[in-house]
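Please consider the sequence and the three-dimensional model shown here. The explanation below proceeds from strands to helices and then to individual residues.

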Amino acid sequence: MARGLASYLLRAYSSRNNLSSVRVVSSLSSRCLHSSRRLCSSELPNSSVFPFQPFSTSLIKYLTPHHAELQVLTFNKHLYSTAVETEIKVPSSNTVESDSDHNETNGDEVCSETGGGYGHVGDRDPVEIYRTLRDAAKGEKLSRDDWDILIEIFRDFSESGWASNQALAVYIGASFFPTAVHKFRNFFSKKCQTDIAKYLISLGPGDAAQRFLFPIFVEFCIEEFPDEIKRFRSMIDTADLTKPHTWFPFARAMKRKIIYHCGPTNSGKTYNALQRFMEAKKGIYCSPLRLLAMEVFDKVNALGVYCSLHTGQEKKNVPFSNHVACTVEMVSSEELYDVAVIDEIQMMADPYRGYAWTRALLGLKADEIHLCGDPSVLNIVRKICSETGDELYENHYERFKPLVVEAKTLLGDLRNIRSGDCVVAFSRREIFEVKLAIEKHTNHRCCVIYGALPPETRRQQANLFNDQENEYDVLVASDAVGMGLNLNIRRVIFYSLSKYNGDRIVPVPASQVKQIAGRAGRRGSRYPDGLTTTLHLDDLDYLIECLKKPFEDVQKVGLFPFFEQVELFAGQLPDITFPRLLEKFKESCRLDGSYFLCQHDHIKKVANMLEKVQGLSLEDRFNFCFAPVNIRDPKAMYHLLRFASSYAQNLPVNIAMGMPTCSARNDTELLDLETKHQVLSMYLWLSHQFKEETFPYWRKAEAMATDVADLLGQSLTKACWKPESRNPQKPRPEKDDGYERPRSMIKLYKKKRDEKSAPTDGHPQKVVA
C-alpha cells in the first residue's frame, strides 16, 4: 500500500478498533494495568473514592502530546514512519504487509531520534519488561551520572500523588506505597538492563517516566506483596462507608415524608416545626445544643405537652410523656415516631459533629421529619432523599423584618454602646476586656455568654439580659450566641470579624456572620427590628459583603463510623494501638462523593493519653474518647485520665474534687470554676455510657454541677478583672540592674574575656561576642 495520509489513517483506525492496545486504569476495568493477572470488577475499589487518571482514554489524546508533528497535516517524512506505530502498537492482523516492511527498515532511524536509540523499549509489554528484569542474573553496569538520574526518577515516582492514587487500584495503600517503591527501586538497580535504563533516563523525572514505570511496578507488587495486598483489601472492605443510607434498613422500609423549613434566623421556621411536633401523638426534637433542648423541654411542658429530656449529661423522664427533646447525638434510631424535628440541619456540614445530623436524617424512623435550617444543604438533602426514596417538601421563609446594617459604626469607641446592644467577640479575653471597658466608661452593666460556660449559666445570663426590670442592658458574647438562645437584642455589634481557628487568624465565615447578625430583632419582643454594625469602620465593608453573599452550596456532609464498624476493622489489625487504628481507618475508608469523614484529632489526642491505661477494652476506649472534654485544659484531661484508670481497675469511679465555698474573686478562680463544672459534666456523661455501679456518684455530681453553675453566674455579674490564659507560660527570669543569668559557662567565659579586652581610654565601643 502506498505510504501517505490514507495509510496513516488506516493504521490509526485499525489500532483504535483494537481495544487490547489501549491500557486504561479504571476502577471499572476487569484488567489491572497491563497485567496478565485478572481482577474482577467487584474486587476493585469504588471509582468515586480513588480519582484514577487513565493512561490513554483516546488515541488522539495519547498521541498528540508526545508527537507534536501529528498536530499538523504536512507531508513530513516522520508523520508516516514508525513513530506512529511504536505508540499505537498495531497488531499484524490489522496491518498491511507493506507497512510492516516499512517498519523494519525505518525503525532504527526513528529510535535513534527518540529515546537516544532505545525508543523501542517504550513499545514493549510491561509484563515482558518485568519478566526480563526478574529473570536477569544481575544488572548491567551504568555510569555514576546515570545512577544519579535514576535515583532522582525513583524519588519523583515515590512522591507522585498520581502513582499513589493509582496504586490503590491494586490494593497498595498510601502508607505502604513508599516502602513498595523503595523495594522496587532496589529490585530495579540489581536487575537493570542497559536499554531499559537508558530509555528511562531519556524520559527523565516527570509524568512520562511515572507512566512507564507504573505498570512494571504493579507487576512487581502483585508478585512480591500478595499478603500485603490481601490484607489491605480486607481492610478496605471493613472500612467501607459507602452508601450510608443502607445502614438503616428499617428506615428504608418506611415511606417517610421530609419537610425542609428553609430560611434565615427570625423567620418562624422552627416555630412551625415545633407546632407540628406538639400536635403529634409521639415526637422527638433533635437539638444542636443542650441549652436549646432544655429550652424546648421547658416550653413544651409549660404548654401542657408532656415531654422528656435526654442529653449526654441528663435524662429526665416525665411520666406519661410521648415526646422527647434531646441533643442530636442522643437520637435513637430504634424508636418509632410520628413526627421528628432536626434543628440547624446545616450542621451536617460541620467538620467535627456533622456525622450526628447525617445519622439522624438517614436513620430516624418517623413518618414525618421536619428539617430546620438555612439553604446551604438543601441540594444535598434533595440528593439524599432521592437515594432513600423519601418524599421531600420544601417550605421557604423570609425574615419577619429585614436586617438593617447601620452605616455609622461605633468608630472604635465603646462609649457609643446603647441599651439592648450585643457586642460579639471571638475570644474569651476580648469578651472580658469589652465588659470591663463598657462598665468602666459607661453606666451600662453587661451580661456575658461564651462557649465554656455551662448551659445553666448561659440561660441565667440570657434571662438577666432579657429582663427589662434590672440594670443589665448590654450583652457581651462569643459566637455561642448564634444559636440556642432567645434574646431580646436591638443591635448586634461585631467587635472584630476575624478569629483564631486553632492554627491562625482567619476571617469569620460568611455563614457564621449571617447566623450571628440575624439574632438582632425578634418578633414579639421589645426590638422587632434588627440592626447590625461593627466597632471599627474598617470591618463594615466585610460585614456588608457577608450579608449580601448567598449561602454557599454544600457539596459534602459528615460521616463517622459506629463502634461496630471500628470493631470490625480492628479485627484486620491485631496488636495495634487505638490511635493508630483510627489513623489506619482514615487511610483505608471509602466514601461516596456526597460525604466526608469528620475530623477526629481531638479523639486521637484523648486516645493517645489513654494508651498508658491498661485493662480497657476497645469499646471502653471508644466511649472514653468521645467524652465531652476540653483537650486544651490540662486539669480536665487529668481527671478524664483518672476516671479511666479507676474504671480499668474495676473500682468505683470517684469525683474526688473539692467544692469552692464562694464565687470567683479573680479570673484564675473563674477558670477553675469552669474546669470544675466541665469535669462534673464529663462524669455525668460517662455515667450514662457505662454501668451505673461503675459511676455510682452521679447524683452527687448533679448537685455539685448545679452549685458550680450558680457560683459561675454570681461571678460573672461582678467580674471586673482582666482575663488570664488557661495555659499560662512560665515566667522568664527578670533582669536586675542590667544583670542576666548566663545560659552556659562558655558564654560566661566569653563575657569575661570581652570585658578584659575592652579599651580603657574612656571611649565606649560596641563589643560583639
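The following paragraphs describe a set of paired strands, a pair of helices, and several residues of note.

The model is a predicted one. A suitable place to begin is strand S6, which spans residues 336-342. Five of its seven residues are buried, so strand S6 is largely enclosed by the rest of the structure. Strand S6 pairs with strand S2 (residues 283-287) through four bridges, and the two run parallel. Within this pairing, cysteine 286 stands opposite isoleucine 342 of S6.

Strand S6 is also joined to strand S7 (residues 365-373), in this case by six bridges and again in parallel. Here leucine 336 stands opposite lysine 365 of S7. Between S6 and S7 the chain passes through helix H15 (residues 354-363), and the resulting β-α-β crossover is right-handed.

Leucine 371 offers a closer view of strand S7, in which it lies. Is this leucine 371 buried or exposed? Its relative accessibility is 0%, and because buried means under 20%, leucine 371 counts as buried. Leucine 371 and alanine 340 are 31 residues apart in sequence, while their C-alpha atoms are 8.6 Å apart in space.

Attention may now turn to a pair of helices. Two packed helices are described by the angle between their axes and the distance between the axes. For helix H21 (residues 563-570) and helix H24 (residues 618-625), the axes come within 11 Å and cross at roughly 135 degrees. That angle makes H21 oblique to H24. The crossing of H21 and H24 is right-handed.

Two loop residues deserve mention for their backbone geometry. Asparagine 266 is not a glycine, yet has a positive phi of about 55 degrees. Asparagine 266 is found in the loop between strand S1 (257-262) and helix H13 (269-279). With a relative accessible area of 17%, asparagine 266 is buried. Leucine 411, a residue other than glycine, likewise has a positive phi, near 55 degrees. Leucine 411 is placed in the loop between strand S9 (404-405) and strand S10 (421-424). At 58% relative accessibility, leucine 411 counts as exposed.

Finally, the cysteines may be considered. Cysteine 262 counts as buried, at 3% relative accessibility. Cysteine 422 is buried as well, with a relative accessible area of 1%. How many disulfides does the structure hold? The structure holds zero disulfides.

Key: Residues are numbered from 1 along each chain as its sequence is written. This is a predicted model: local features need pLDDT of at least 70, side-chain atom pairs count only at pLDDT 80 or more; totals for chains, interfaces and linings use all residues. Side-chain values use heavy atoms; hydrogens and water are left out. A disulfide is a pair of cysteine sulfur atoms within 2.5 Å. Buried means under 20% relative accessible area, exposed over 50%, partly exposed in between (1.4 Å probe, protein chains only). Two strands pair if DSSP finds at least two bridges between them. A crossover is right-handed if, with the strands pointing away from the viewer, the path from the first strand over the helix to the second runs clockwise. Axes are lines fitted to C-alpha atoms, for helices over the stretch in contact, and angles run from 0 to 180 degrees between N-to-C directions. Angles under 35 degrees count as roughly parallel, over 145 as roughly antiparallel, 65 to 115 as roughly perpendicular and the rest as oblique. A crossing is left-handed if the near helix is turned anticlockwise from the far one by less than a right angle, and right-handed if clockwise.
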